[in-house]
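Colleague: Have you got a minute to go through this one with me? I'd like to start with the empty spaces and then move on to whatever else comes up.

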Amino acid sequence: LAKCINQELSDVLNELWKLDVNRMKPGKDYKINLQGKAGFVAEGSNYARDSARAPLFAYVNENKLKSIDTYAHFINLLDNYEMSTGVTEHVTHEELQENHLFLDGVLKTEVMKCAHRYLVCKGLAQSDPAQFKSQLYDIWFKLYRRDKSGGEDSCGFEHVFVGETKHGKEIMGLHNWVQFYHQEKHNHVDYKGYKARNNKDTPDEDDHVLNLQFSWNGLVKPVGSCFIGVSPEFEVALFTIVFLLSDRRVTNVTVKVDEYLLEIVVYRFGRSIGTSYPKMISSNNRDF
């Protein structure tokens, strides 16, 4: 397995990890409650045994989130999207402004500056910050048509960070912990338990990556995955780098970030991100 690890990318991502000062501390800034292991759900079924009576998030320091620029702008963006694909997004002037405020906030962070320097070195981005911002805008916020019958109904940000439903039948996206917490708090999301292949894979409450099962407004996501506690700028930087390093429609790359062995998956939709998420393979603190 070690030889499949992309070392150069791992080095860059570890640099970003070290710079991520806005990452929340488990047990202090938030607490998760893993409870039981989720069961198997057949494709297309919306029934899942609930192995977790309580929510995943027992506590999140919302005041701390809202006091940090990138989280505050991020939370404003979560409200701006229609959940169903096939419903044309109507982007108001105010919403456009919020997209820009979020990107401006992200670009000010050391995490994103480091990602930008790396992409410039690789010849994948211009060194001019305004041009880089416009490239990020196209990758994350440019609307595209995910549903053939409708208008421009989706964008990378919405899919990855907000989540959407497909014909009211299947959950797509929703790979972000802040959105998961918000949806859980409003009783839209029901956490069903963690996903693990065997006992060695059982996650810890201070893990920053989690494979999980949940339902959202009654629809079941048999296996989802997300980073937990990391900042919005870390995710935007990581997925942007993986997206730009490959022009394949689907990119899977194995990296070692901090103590986590992860597979990063990115789907391309033209010049934008279709979806992107991490999959936990294993964590160091459990190899023994």
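Colleague: How many cavities of 30 Å³ or more are there?
Modeller: Bearing in mind that this is a predicted model, the count comes to two cavities of 30 Å³ or more.

Colleague: What's the volume of the second largest cavity, and which residues line it?
Modeller: The second largest cavity has a volume of about 30 Å³, and its lining is made up of Leu174, His175, Asn176, Phe180, Leu212, Phe214, Gly224, Ser225 and Cys226. By class, five of these lining residues are nonpolar and four are polar, with no charged residue in the lining.

Colleague: Which strands supply at least two residues each to that lining, and which element gives the most?
Modeller: Strands β6 (209–216) and β7 (219–227) each supply at least two residues of the lining of the second largest cavity, and β7 gives the most, with three residues.

Colleague: Switching to the open spaces, what lines the second largest pocket?
Modeller: That pocket, with a volume of about 280 Å³, is lined by 15 residues, of which Lys195, Arg197, Asp201, Asn211 and Met280 lie nearest its centre. Strands β6 and β10 (272–283) each supply at least two residues of the lining of this second largest pocket.

Colleague: And how does the lining of the second largest pocket divide by class?
Modeller: The lining of the second largest pocket has seven nonpolar residues, one polar residue and seven charged residues.

Colleague: Back to Phe180 for a moment: is it buried or exposed in α8?
Modeller: Phe180 is buried, as are Trp177, Val178, Gln179, Tyr181, His182, Gln183 and Glu184 in α8. Helix α8, which covers residues 177–185, is mostly covered, with eight of its nine residues buried.

Colleague: What happens at the start of α8, and what follows the helix?
Modeller: At the start of α8, a side-chain oxygen of Asn176 reaches to within 2.9 Å of the backbone nitrogen of Val178, and Asn176 is also one of the residues lining the second largest cavity. The helix is followed by Asn187, whose phi is positive, near 60°.

Colleague: Last topic, cysteines: how many disulfides does a search of the whole structure find?
Modeller: A search of the whole structure finds zero disulfides.

Colleague: Then are Cys4 and Cys226 buried or exposed?
Modeller: Cys226, which belongs to the lining of the second largest cavity, counts as buried because its relative accessible area is 3%, under the 20% cut-off. Cys4 counts as partly exposed because its relative accessibility is 46%, which lies between the 20% and 50% cut-offs.

Methods. Residues numbered from 1 in each chain as written. Predicted model: local features only at pLDDT ≥ 70, side-chain atom pairs only at ≥ 80, totals over all residues. Heavy atoms only, no water. 1 Å grid on protein atoms, 1.4 Å probe; cavity = no way out; pocket = protein on both sides within 12 Å on 5 of 7 lines; lining within 4 Å. Points joined across faces, edges and corners; volume = space filled by probe spheres on them. Helix = DSSP H or I, 4+ residues; strand = E, 2+ residues; numbered from the N terminus. Nonpolar A, V, L, I, M, F, W, Y, C, P; charged D, E, K, R; others polar. Buried < 20%, exposed > 50% of the residue type's maximum accessible area, 1.4 Å probe, protein only. Polar contact = N/O pair within 3.5 Å; in protein donor to acceptor, adjacent residues only side chain to side chain. Disulfide = S-S within 2.5 Å.
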